[in-house]
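Work through the exercises below with the sequence and the coordinates open beside you. Try each task before reading the solution that follows it.

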Amino acid sequence: MDQKNITEKIKAKFGESVFEIAEFRGDVSISVDPNKIVEIAGFLKNDEELQFVMCKDVTAIDWATRKNRFTVVYHIYSFKNNFNLRIKANISEEPPAIDSVTSVWRSANWYERETYDMYGISFRNHPDLRRMYMPEGFEYHPLRKEFPVLGIPGSLPLPEKPE
């Protein structure tokens, strides 16, 4: 199945829930309704012709000044069609949250946790949403635009220098 047929099939199935399909140098991105992310993910994985069985990454973009401040980005792959697809879902800041796709792709578990830790985006119905890199009590999210490049002095205790 080629790129055009894949995108047409997705658009035909979800119509108004697919806001945009963009192609640049062979990479295809679809922007979707964040409220339909689990349904769309399930279709992409389970459809006999598509079979996007691998979730390679889940990350986010902090736009800082946009109305929908964050974009959650899913990178998925179909072995059957040898095709990468990027799914984007814009979410608001109050509070930043989207449904978890771990029920569709188990590999999304760690990627969603990393996105939660670094951006503060909650994934509803995630089986174990907790921080990965930063301590549980750390109140900041280091990849947000307002986080200072050099960090916040005194926010984390640094290890002692060995004598």
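The exercises concern a predicted model, and they go from the overall fold to single residues.

**Exercise 1. Describe the secondary structure and the overall dimensions of the chain.**

Solution. Begin by counting elements: the chain holds three helices and seven strands, and their order along the sequence is α-β-β-α-β-β-β-β-α-β. Next, take the extent of the C-alpha trace, which spans about 65 × 35 × 30 Å along its principal axes. Then turn to burial and surface: 42% of the 163 residues count as buried, while the accessible surface comes to about 9,800 Å², of which 50% belongs to carbon and sulfur atoms. Among contacts with a separation of 6 or more, 49% are made by residues 24 or more positions apart. Finally, consider charge: there are 22 positive and 25 negative side chains, and the centres of these two sets lie 3 Å apart.

**Exercise 2. Find which residues of the largest nonpolar core touch the most other members, and which elements supply the core.**

Solution. The largest nonpolar core has 38 residues, and those touching the most other members are L44, Y74, L85 and I87. At least two residues of this core come from each of α1 (3–14), β2 (27–32), α2 (37–46), β3 (54–62), β4 (70–78), β5 (83–91) and α3 (108–119). Taking L85 as an example, and leaving aside residues up to four places away in sequence, one finds that L85 touches I10, V28, I30, L44, F52, Y74, H75 and I76.

To follow L44 further, look at α2, where the buried residues are I37, I40, A41, G42, F43 and L44. The cover over the buried residues of α2 includes α1, β2, β4, β5 and β6 (97–99).

**Exercise 3. Establish how β4 pairs with β3 and with β5, and whether β4 is mostly covered or open.**

Solution. First, on one pairing, β3 and β4 run antiparallel over eight bridges, and in this pairing M54 stands opposite Y77 of β4. Second, β4 and β5 are also antiparallel, joined by nine bridges, with I76 standing opposite L85 in β5; I76 is also among the residues that L85 touches. Third, as to cover, eight of the nine residues of β4 are buried, and the strand is thus described as mostly covered.

**Exercise 4. Locate A64 and N82, give the sign of phi for each, and decide whether each is exposed or partly exposed.**

Solution. The background for this step is that most residues other than glycine have a negative phi. A64 departs from that pattern, with a positive phi near 65°, and it is found in the loop between β3 and β4. The relative accessible area of A64 is 36%, so A64 is classed as partly exposed, given that this class lies between 20% and 50%.

N82, likewise not a glycine, has a positive phi near 50°. N82 sits in the loop between β4 and β5, which belongs to a hairpin with four residues between the strands. Because its relative accessibility is 58%, N82 counts as exposed, the cut-off for that class being over 50%.

How values were computed: Residues numbered from 1 in each chain as written. Predicted model: local features only at pLDDT ≥ 70, side-chain atom pairs only at ≥ 80, totals over all residues. Heavy atoms only, no water. Core = buried A, V, L, I, M, F, W, Y, C linked by side-chain atoms within 4.5 Å. Buried < 20%, exposed > 50% of the residue type's maximum accessible area, 1.4 Å probe, protein only. Contact = heavy atoms within 4.5 Å. Areas by Shrake-Rupley, 256 points an atom, 1.4 Å probe, with all protein chains shown as cover. Lys, Arg positive; Asp, Glu negative; His and termini not counted. Charge placed at Lys NZ, Arg CZ, Asp CG, Glu CD. Pairing = 2+ DSSP bridges.
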